[in-house]
Amino acid sequence: MTISYETQLLAVDPLGPAPERVALAADVLRRGELVAFPTETVYGLGANAFDPEAVARIFAAKRRPTSDPLIVHIHALDQLEAIVRAVPQGALALVRRYWPGPLTLVMPRGQRIPPNVSAGMDSVAVRMPDHPVALALLRAAGLPVAAPSANLFTRPSPTTAAHVMHDLAGRIPMVLDGGPTRIGLESTVVSLLGPRPELLRPGGIPIEDLRAALPDLLYQPRYVAEDHAAAAPGQMLKHYAPDAPVLLYRGPRAAALASMLAEVRARLAQGQRVGALVGDEDAALFREAGALVASLGSCANLAEVGARLFAGLRALESTVDVMVVRSFEQGGLGLAIWDRLLRATEGHVIEVG
């Protein structure tokens, strides 16, 4: 049973958070309670990673199945000794290159990390966030922090404190509001457990960049049912889904736009409210057709699209009956954007052209 809280929302400077406010949040973590905080990717919901009861509160607050593992966040490399049983070959080269940053590494779990952090598996996912507020909180708390995204399970990830409050107000004691997150897509997850490194979740570091450091990096997309343990966070088939259904179109731009506009007009004729999650280049077409538009920025700027994606889904979900979106170029951050859209639709894609 989840405890009811009067959630405290504390505004902090994202570049230089006030130490006294960070200290309040760190004290909440040390007491075994939960704190939502900004990272460069999305907002996280943190608990003391050494405390199984505190970790269990994450699953209760989010309504998250215990088969979906968490990521342990650290602020210094020497913390790895207490978290992993062994540092796999090649791990240190990766952390020196990408930490702090949006790269999560899956390694053998150390004895101090309770099994519920890792869905009972003998592995643990670890990263060092690249955000002044997150790093200040981790330093002040003096302990590693297990933290998935700070939203209800299967919902679009939160990129603002308002998103966190919408989902979790009354379910957690504190939210640190550091403004909107920079990347807006969760971290890239790489497993170092097997004979070859494996990309388990595309994210804030594109696969092309990783392959410069890991030429033999394997990627086989996984879509896990809720009742099966996932090797990493964000692998469930239904994930990042807004309250309104999403129709995802894939194909040449002209064909996709034509099909989307036809669907918009047909549903409007039936009296439905329709939203369009589109780039700036396509926004006027859908406004003229009568759709409510959430713009993702320029289609050519995938960093901007990624940063706006979850906010766009959340902006439309409460005002429309259905929303339409098309796939973007899958190079660079486009692979992570595609992954999030695919899971938001539970794998349903409308092929055109």
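1. A quick term before anything else: a residue is called buried under 20% relative accessible area, exposed over 50%, and partly exposed in between. That settles R273, which has 44% relative accessibility and so counts as partly exposed. Keep in mind while reading that this is a predicted model.

2. Staying with R273, its side chain meets that of D321 in a salt bridge, with 3.2 Å from N to O. Where do the two partners sit? D321 is in the loop between α9 (302-317) and β15 (322-326), while R273 is in the loop between α7 and β13 (274-278), so the pair ties together parts that are 48 residues apart in sequence. D321 has a relative accessible area of 32%, so D321 is partly exposed as well.

3. There are plenty of other charged contacts to look at: the structure holds 18 salt bridges. For a local one, go to helix α7 (residues 253-269), where R267 and E263 lie four residues apart, about one turn of the helix. Their side chains form a salt bridge at 2.6 Å, N to O. E263 comes out at 24% relative accessible area, which means partly exposed.

4. Then there's the pair D68 and R64, a salt bridge whose closest N and O atoms are 3.2 Å apart. Are these two buried or exposed? Both D68 and R64 are buried.

5. Now have a look at strand β12 (residues 246-250). Four of its five residues are buried, so β12 is largely enclosed by the rest of the structure. Which strands does β12 pair with? One of them is β15, in the parallel sense and over four bridges; here L247 stands opposite V324. Another is strand β16 (residues 349-351), again in the parallel sense, over three bridges, and there you can find Y249 opposite I350. If β15 rings a bell, it's because D321 from point 2 lies in the loop between α9 and β15.

6. On to the nonpolar packing. The largest nonpolar core has 49 residues, and those touching the most other members are L45, W99, L103, L105, V126, I172 and V190. Which elements give two or more residues to this core? They are β3, α2 (52-62), α3 (91-98), β5 (103-108), β6 (123-127), α5 (161-168) and α6 (207-213). The largest share, five residues, comes from α2.

7. Finally, the empty space. Rolling a probe the size of a water molecule over the atoms shows where such space is left. How many cavities of 30 Å³ or more turn up? A search of the whole structure finds three, and the largest cavity holds about 220 Å³ of space. It is lined by 23 residues, and A147, P148, S149, E186 and R201 are the closest to its centre.

8. What is the lining of the largest cavity made of? By class, the lining has nine nonpolar, nine polar and five charged residues. Strands β3 (43-48) and β4 (71-73) each supply at least two residues of the lining. Notice that β3 has come up already: it is among the elements giving two or more residues to the largest nonpolar core.

Methods:
Residues are numbered from 1 along each chain as its sequence is written. This is a predicted model: local features need pLDDT of at least 70, side-chain atom pairs count only at pLDDT 80 or more; totals for chains, interfaces and linings use all residues. Side-chain values use heavy atoms; hydrogens and water are left out. A salt bridge is a side-chain nitrogen of Lys or Arg within 4 Å of a carboxyl oxygen of Asp or Glu. Buried means under 20% relative accessible area, exposed over 50%, partly exposed in between (1.4 Å probe, protein chains only). On a 1 Å grid over the protein atoms alone, a cavity is a set of points where a 1.4 Å probe fits but cannot get out, and a pocket is an open set with protein on both sides within 12 Å along at least five of seven lines; lining residues have an atom within 4 Å of a point. Grid points are joined across faces, edges and corners, and a volume is the space filled by probe spheres set on the points. Ala, Val, Leu, Ile, Met, Phe, Trp, Tyr, Cys and Pro count as nonpolar, Asp, Glu, Lys and Arg as charged, and the others, Gly among them, as polar. Two strands pair if DSSP finds at least two bridges between them. A nonpolar core is a set of buried Ala, Val, Leu, Ile, Met, Phe, Trp, Tyr and Cys residues joined through side-chain atoms within 4.5 Å.
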